[in-house]
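User: I would like to understand the terms used for a protein model, and what supports each of them. Please take me through them one by one.

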Amino acid sequence: MPKTDPYRVAMARLRPPLGAALSFSALVNLLMLTGSIYMLQVYDRVLTSGSVPTLLGLFAIVVVLYAFLCLYDVLRRRLLSRAALHLDGALGGAAFDQFLASGLPESAGKAQPLQDLKTLRGTIGSPALVALIDLPFVPLFLGVLFMLHPWLGWLTLAGAGVTGAIALINRLVTGPSIAESGDLEAEERAFTEGSRRAAETITAMGMTGVVDRVWLRMHSASLAAAQRGAEASETLAAMSRSVRMLLQSAILTLGAYLVLQGQISGGMIIAASILSGRALAPVDQVIGQWRSLDRALQAHRRLRRLFATLPAAPEPVALPDPTGEITVTGVTKFAPGSRGPDRPRLLEGIDVTLHPGDGLGVIGKSGSGKSTLARVLAGAWQADTGEVRIDGATLSQWDPARIGREIGYLSQSVEILPGTIRDTIARLQEDATDEAVIAAARLAGIHEMILQLPQGYATQIGGAAGMPLSGGQLQRLGLARALYGMPRLVILDEPNSNLDAEGEEALTRAIRALRAAGSVVIAIAHRPSALAALNKLLLLEAGRVAQIGDKDEVLAASGAVRPSVTRTRPVPLRLPLERRVGATAPAANQVANHPGGLVVTARSRQDRPAASRR
Ligand SMILES: Nc1ncnc2c1ncn2[C@@H]1O[C@H](COP(=O)(O)OP(=O)(O)OP(=O)(O)O)[C@@H](O)[C@H]1O
């Protein structure tokens with residue numbers, strides 16, 4: 001099936017309205033001859049004949065012609081502004097999808113489709129484009145001038161040449177500054193947004209002064225680049241305007257000379273002056289609007305490139321409901337954005353098979369690739385080689401919306417969109433039922449906590465106006481969202497990192513309930529309590545599977561913990577669980593009393609090997 005590039009399709013749909021606008025522009029420009037022809041008639045016919053009826057008759061014709069001019073002008077502008085709106089309507093959804101995708105590391109920083117679409121839409125409906133489509137009609141005015149007298153034509157042509165040369169110089173001079181200031185502004189924006197997010201850390205650690213200075217340096221650099229472009233552009237625009245005004249006087253002078261030589265009539269001087277002004281007006285306007293036209297051109301090129309390189313989405317086939325047979329074969333993931341044969345492998349040759357009801361714990365040192373594996377299994381990142389199959393079908397063979405409902409994913413840092421608690425748990429699904437939302441909240445053990453909030457499930461969270469939630473509350477809310485609809489595959493990346501004992505118990509209960517219902521649960525754990533309700537274990541080392549199998553066997557084989565753990569006597573766990581485990585001894589004691597029975601003691605910092613990476 002041929003790939004349909006939405007940008008090309010949208011651009012093709014723009015052609016008819018742009019063509020119609022061009023036709024109306026032809027009429028508008030033709031009617032713009034009215035003023036000069038009228039002048040010619042008044043000076044050379046009315047004033048010489050002294051006929052008032054002729055004057056009134058001519059004026060009546062002029063009124064009608066200008067009324068048509070107004071009509072055609074309105075029509076072409078309306079066509080353009082509506083075309084801009086249609087372009088937005090046709091591409092808005094696809095551009096937003098690409099904007100979302102740019103949050104994934106594979107395409108990070110490659111595109112700014114929403115901004116580009118806005119720029120393009122703004123320009124298509126603006127006077128800048130009207131000036132641009134007036135440009136092809138400059139020869140019309142020049143032609144009439146040549147008919148009046150060749151010298152008048154040549155003089156205007158020379159003026160147009162000078163103004164055009166100024167426009168070209170403008171482009172060459174300001175182009176690099178515009179591009180540079182765009183890049184610097186993007187850098188500054190990233191730093192500004194990052195600083196705002198890190199405001200608490202910056203304030204607490206007294207970094208405000210130095211952050212101010214860094215921002216100021218970036219800000220000044222981007223302003224300086226923009227100013228360089230603006231100054232050059234202003235100078236050239238002023239020169240262009242002066243050339244135009246000088247040309248008016250030069251035309252009058254030349255016209256007067258030609259009258260004195262008896263080569264043209266007096267009325268032709270005025271007509272020539274009007275015509276030369278009309279001939280140069282679009283050129284002048286395009287120069288004035290050059291920066292916005294250039295931005296629109298760059299936005300157009302970026303959008304065209306972006307959409308042209310998008311892989312074609314396969315037609316999704318409605319596969320039967322998955323049972324939860326998960327097969328991972330030979331999954332390798334290179335560091336996103338890296339190139340060449342030596343690019344780091346975050347995961348290498350991962351093979352895992354899980355059956356409905358299985359619960360797999362994933363453990364390993366910091367940086368060993370646990371979260372990367374979670375992202376690949378959840379379909380958030382694409383494997384570079386190998387595949388993840390659910391019920392025999394690769395993730396890409398499933399309809400993303402369909403399989404998404406069967407996947408619950410709790411990332412390490414829980415992100416929520418602004419909205420109510422109900423909508424958050426229901427993943428914004430319009431068809432969500434209250435029963436399903438409450439069931440997920442109960443499973444995650446936060447139903448009571450939600451009811452205690454002033455507006456209960458209708459409480460607004462996220463965004464500037466949302467009610468702030470604690471780390472633990474947020475994590476449990478994220479868990480409820482991951483559990484919504486009892487998905488067949490639930491992937492939890494350190495689901496207990498912010499939980500108290502009660503939260504951990506709720507998590508263990510949830511994992512047991514999911515497994516009992518036939519779901520596959522994969523939990524990445526630094527704290528062993530999350531392993532309590534699981535039956536299998538995978539030990540990752542530098543992105544490879546070091547061990548996989550029955551939980552107790554893997555623990556025993558790795559020497560991590562004795563399979564028969566008592567609840568009262570702490571047993572050293574030699575699994576590389578630095579981050580959580582290294583925190584405090586009381587945390588370890590807390591784990592010792594947990595029904596899961598796995599016990600942890602912290603290794604000293606000196607004992608820890610550096611996280612090995614490829
Ligand atoms: N977006 C990314 N681009 C490039 N490399 C990345 C990216 N995200 C993670 N990595 C690298 O992948 C490796 C594995 O990271 P990952 O987050 O999977 O480890 P982890 O085992 O989950 O660690 P932790 O236990 O500390 O969460 C690290 O070396 C990290 O630097």
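**Reasoning from values to terms**

Analyst: In this predicted model, strand 3 and strand 10 (residues 520-524) are paired in the parallel sense over 4 bridges. One of these matches is between G359 and its bridge partner in strand 10, V521.

User: Why are strand 3 and strand 11 called paired?

Analyst: Two strands pair if at least two bridges are found between them. Strand 3 (residues 359-364) and strand 11 have 5 bridges in the parallel sense, so by that cut-off they are a pair. L360 has K536 as its bridge partner in strand 11, and G364 stands opposite L540 of strand 11.

User: What joins strand 11 to strand 12?

Analyst: Strand 11 and strand 12 (residues 544-550) are joined by 6 bridges and run antiparallel. Within this pair, K536 stands opposite D550 and E541 opposite R544. The two strands form a hairpin with 2 residues between them, where A542 takes a positive phi near 45 degrees.

User: Which strands form the open sheet with mixed pairing, and in what order?

Analyst: This sheet has 6 strands in the order 6-9-10-3-11-12. Strand 6 (407-410) and strand 12 are called edges because each has a single partner strand, which leaves one side of each without a neighbour in the sheet. From one strand to the next, the twist averages 15 degrees.

User: Which helices lie on this sheet?

Analyst: Helix 18 (residues 501-516) packs on the sheet and touches strand 3, strand 9 and strand 10, with its direction at about 150 degrees to that of strand 10. Helix 12 lies across strand 3, strand 6, strand 9 (489-493), strand 10 and strand 11, and runs at about 155 degrees to strand 9.

User: How do you know whether strand 3 is covered on one face or both?

Analyst: A residue is buried if 20 or more other C-beta atoms lie within 10 Å of its own. For strand 3, 6 of its 6 residues are buried. In a regular strand the side chains alternate between the two faces of the sheet. On one side of strand 3 are G359, G361 and I363, and on the other L360, V362 and G364; all are buried, and both faces are therefore covered.

User: What makes strand 11 largely enclosed?

Analyst: In strand 11 (residues 536-541), 5 of the 6 residues are buried, so the rest of the structure largely encloses this strand. For the protein as a whole, 36% of the 614 residues count as buried.

User: What is the strand order in the open sheet of 4 strands?

Analyst: The order is 2-1-4-5, with antiparallel pairing. Strand 2 (345-354) and strand 5 (393-394) are the edges, since each has a single partner strand and therefore one side without a neighbour in the sheet. Strand 1 (residues 326-334) is joined to strand 2 by 6 bridges, and K333 has L347 as its bridge partner in strand 2. Helix 12 (residues 370-378) lies across strand 1, strand 2 and strand 4 (385-390), at about 60 degrees to strand 2.

User: Which residues have the most contacts inside the largest nonpolar core?

Analyst: They are A444, A480 and L483, in a core of 70 residues. Not counting residues up to four places away in sequence, L483 touches G408, A440, L443, A444, V490 and A510. Apart from that core lies another, of 29 residues, among them I270, L280, I287 and W290.

User: Where does UniProt list "transmembrane region"?

Analyst: The unreviewed UniProt entry lists residues 21-43, 55-75, 128-148, 154-173 and 250-275. In the model, residues 154-173 are 100% helix, with end C-alpha atoms 28 Å apart. Residues 250-275 are 81% helix and 0% strand, and their end C-alpha atoms lie 13 Å apart.

User: How many residues reach a pLDDT of 70 or more, as a percentage?

Analyst: The figure is 89%, and the mean pLDDT of the protein is 83. Over residues 561-614, however, the pLDDT is below 50, although this stretch has 87 contacts in the model beyond near neighbours in sequence. Where pLDDT is low, the predicted coordinates should not be read in detail. The model scores ipTM 0.96 and pTM 0.70.

Note on methods. Residues are numbered from 1 along each chain as its sequence is written. This is a predicted model: local features need pLDDT of at least 70, side-chain atom pairs count only at pLDDT 80 or more; totals for chains, interfaces and linings use all residues. Two residues are in contact if their C-beta atoms, placed from the backbone, lie within 7 Å. Axes are lines fitted to C-alpha atoms, for helices over the stretch in contact, and angles run from 0 to 180 degrees between N-to-C directions. A residue is buried if 20 or more other C-beta atoms lie within 10 Å of its own, exposed if 12 or fewer, and partly exposed in between; C-beta atoms are placed from the backbone. A nonpolar core is a set of buried Ala, Val, Leu, Ile, Met, Phe, Trp, Tyr and Cys residues joined through C-beta atoms within 7 Å. UniProt positions are given in the numbering used here, feature names are shortened, and annotations may be inferred rather than shown by experiment. pLDDT is the predictor's confidence in each residue, from 0 to 100.
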